[in-house]
Each structure stands twice: as structure tokens, then as C-alpha cells.
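This report follows the strands and helices in one part of a protein chain, and how they pair and pack. The sequence and the structure are shown first, and the text should be read alongside them.

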Amino acid sequence: MVLFRMNMIWRNCVCHLKQGKVPHRCQSGAHPVAPLGSRILTDPAKVFEHNMWDHMQWSEEEEAAARKKVEENSATRVAPEEQVKFESDANKYWDTFYQTHKNKFFKNRNWLLREFPEILPVDQNAKEKVEESSWDQIRSNFSRMQGTETHCGESCVSSAPGNKGRPNFPNPDLEEHSDGPGKTGRFPGSNATFRILEVGCGAGNSVFPILNTLQNFPGAFLYCCDFAPEAVQLVKSHASYTEALCSAFVHDVCDDGLAYPFPDGVLDAILLVFVLSSIHPGRMQAVVHRLSRLLKPGGMLLFRDHGRYDNAQLRFKKGRCLSENFYVRGDGTRAYFFTKGEVHRMFCEAGLHEKQNLVDHRLQVNRKKQVVMHRVWVQGKFQKPLHWTQRG
């Protein structure tokens, strides 16, 4: 049965290879050298030689089966009165999660700089130091990236043609928080020349791979926040945490009235990785709007999250569905499964300019159990334009 299924997957993958679809995964036109990996399954007999295969295409039968599974597991919904606690106590469920698992549950995201080189400043001297590390090709690959861009609306304005670095836009948001011409109030990282925020940092599985690299970039500073106090404490107690490069703080991004420890308009990059899916769909747009205000003109919001029909969605049992494509796990934490179109609309509604928006199809392999699973994620890059206007 496994071999028969793998033959179907292999034929479908080869068909797309012949059509030239696989190498160009960046739907908006910018083509990284090897976006989302380059391990292609060409021989179904070798499927169990690796833990993951990239650029897997679904057959019509597989997609239909996934759709049917979702219809079945979402037919019975959690009662509205039961759903209230999952919203009001969301931070408590995640806090309990980190009290239980500490920093042992998730692996470090060492892939971040391959997919999101924008989280590093463009600096030639620091670049030469990084090239001595295991990520020596990341920055050079990024500097070769080029292509057209997808515009999200009349409010989106692209940067000047040929500008390989970040455009040096004037920053009206920062002017509003200044103490006078050219002066800005003191805040953590106020002396930095490049600032990053990771939203939903958890136990630091993104924080510490980033910090290890930021040591090669003088002037760079990382903020990270989570609404689970236990998670933030895990980050602060880590041996690699240093206030000279990082500021970790407790923050609920759904609370629009809650102040950040820095003014609007100062961030060069925001990392939003497997976070938005845990928020109620009715509150997601407001969160993206608020985060957009934190970016400098030209700043990038980098997104990756669960995609529609991912194996994680198909595995939910009946009675765990909260609303369409939104589920609650046994520990009380929640997960939404996005489409590319939903991601496009949400970030463009916030006035951001789409640079990349794609679906990442992979085949995950459990070699011990001889089981294969389709994984689906959505990945996007969105830039704040010079003349930024939110539609909401």
C-alpha cells in the first residue's frame, strides 16, 4: 500500500518537474536560489532514505481525501459556552504548556536564516564574518535575489529599482515619538541601528539561533515577546541570553492598548512564525494591523504558519473543531490552518506590500514506522511601503 501511494506521489512530482514548476516556488516573482529546500523525491523506492522531501505536489485524489477528512472532523463543533474559556484563558493554557515541556518540545529553528535572510542587516563587514560559519551562503544568496513584486493595492509603493538593501525611507512614526529633531527617547535597543521583533517567542527556539548570528552584526538588536510568562522566563534564564543584544518581555499582541517597550516605526523586521494560527480568526486582522505600525517604512514582516490540509489538521478528532479550519488541542491550545489567499488578504488589508506568498508542500517520513505524511505550510514576506495606509 505504501509503495503504491509513493508511486502516485512520484508520478505527480515528476510531472511538475517536467513542467518546470518546482524551481520557482516564490509565487510573487522573486526567486531565491533554493526556496523551501531542494531535496526532490525522484525515485519512490528511496522515500525512506530521508526524513523530509521538498516540493511535493498532491494528486487530485489526495486533495479530495484531505478535504473529506476535514469535513468529517469539523462536522461536530465545540459548544459556544465551552469555547469561551479557550479564548479568555489562552495565555494560561500556553503557560501550562511551557511549565510542562520547558524548552524540550520544539527544535531550534536553524532554518530561519535560509528562508528569511531579511532578519539580518545588510552589512558587508559582518557578512564576511558570517560567511565563515555554516550559513556562509545565506547572505550571498539573498544579495542575488531579484524579480518582480506583487502589489496589494493602491497604498502599496515599491522601493526604488535596483536597491539591493533596505530603502532609507523617512519615518513619520518615529518622528511622533522623538524628543526633538533627530532625537528619540531612550528605550531598550534605542542605540541599535537594526531592530528585530519575534512575536510569540516561546522558549527561544528562534531567539537563540538568531542571537548567535547577531553577534557578527554590531548595532543589531532583538526583541522577543510571548503572552505566556513561563516562556519568557525560559528565554531570560538561558545561558545565551544577554540584555546587550536582546530584550524579552511578556506581551499579549491581541491587546491593542498594551504598550510595547519601544515606539512605533522602529523595527526593521518582525518574525511571525507559527503564532497567528493560535489566535482567534476574528482577532487576527487587528493583530496584523498593530504589528504593521511597529515597522519602519521598508521594514519586513516575515510569516510562516500552518497551511490548509496539513497533516496536523487531518489528525484532529471529531469534537475538537471550534470554527471553520480552527481547532483546539487536548491541552487547550488552538490552531488555525491558512490558505495562501487568506494570508494575502490579511496582510494587504494592513497596507503591506507582498514580496513573497507561497505554499510549502513537503512529505514528512517516519522511517522507523514506515509512514509518510503530507505537511503543508504557508510562508510570506510583506514590506511596509513609503506611503503606508491601512484599509481598516
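In this predicted model, helix H11 (residues 281-294) and helix H13 (residues 340-349) pack with their axes 8 Å apart and at an angle of about 50°. At that angle H11 and H13 are oblique to each other, because the angle falls neither under 35 degrees nor in the range from 65 to 115. The crossing in which H11 passes H13 is right-handed. On the side of H11, the residues in contact are Met284, Gln285, Val288 and His289, and they meet Arg345, Met346, Phe347 and Glu349 of H13.

H11 also has a place in the chain path between two strands. Strand S7 (residues 267-273) pairs with S8 in the parallel sense, over six bridges, and the chain goes from S7 through H11 to S8 in a β-α-β crossover that is right-handed. Within this pairing, valine 273 has arginine 304 of S8 as its bridge partner. Strand S8 (residues 295-306) is mostly covered, with 11 of its 12 residues buried.

S8 pairs with strand S13 (residues 371-383) as well, and here the two run antiparallel and are joined by seven bridges. Arginine 304 takes part here too, with glutamine 379 in S13 as its bridge partner. S13 in turn pairs with S12 in the antiparallel sense over 13 bridges, and arginine 362 has arginine 375 of S13 as its bridge partner. Strand S12 (residues 353-366) is mostly covered, since 11 of its 14 residues are buried. S12 pairs antiparallel with strand S1 (residues 52-54) over three bridges, where the bridge partner of aspartate 54 is arginine 362 in S12.

The pairings described so far, together with one from a further sheet, are set out below.

| Strands | Sense | Bridges |
|---|---|---|
| S7 and S8 | parallel | six |
| S8 and S13 | antiparallel | seven |
| S12 and S13 | antiparallel | 13 |
| S1 and S12 | antiparallel | three |
| S10 and S11 | antiparallel | three |

That further sheet is open and consists of three strands in the order S9-S10-S11, with antiparallel pairing. Its edge strands are S9 and strand S11 (334-336), each of which pairs on one side only. On average, and with direction ignored, neighbouring strands of this sheet are turned by 30° against each other. In the pairing of S10 with S11, phenylalanine 326 stands opposite tyrosine 336 of S11.

Which backbone angles deserve a second look? Most residues other than glycine have a negative phi. Asparagine 325, although not a glycine, has a positive phi of about 65°, and this residue is found in the loop between strand S9 (321-323) and strand S10 (326-328). With a relative accessible area of 7%, asparagine 325 is buried. Tyrosine 309 likewise is not a glycine and has a positive phi, of about 75°; its place is in the loop between S8 and helix H12 (311-314). Tyrosine 309 has a relative accessible area of 16% and therefore counts as buried, the cut-off being under 20%. Glutamine 370 takes a positive phi near 55° in the hairpin of S12 and S13, which has four residues between the strands.

Terms used: Residues numbered from 1 in each chain as written. Predicted model: local features only at pLDDT ≥ 70, side-chain atom pairs only at ≥ 80, totals over all residues. Heavy atoms only, no water. Buried < 20%, exposed > 50% of the residue type's maximum accessible area, 1.4 Å probe, protein only. Pairing = 2+ DSSP bridges. Right-handed = clockwise from strand over helix to strand, strands pointing away. Axes fitted to C-alpha atoms, helices over the stretch in contact; angles between N-to-C directions. Parallel < 35°, antiparallel > 145°, perpendicular 65-115°, else oblique. Left-handed = near helix turned anticlockwise from the far one by under 90°. Contact = heavy atoms within 4.5 Å.
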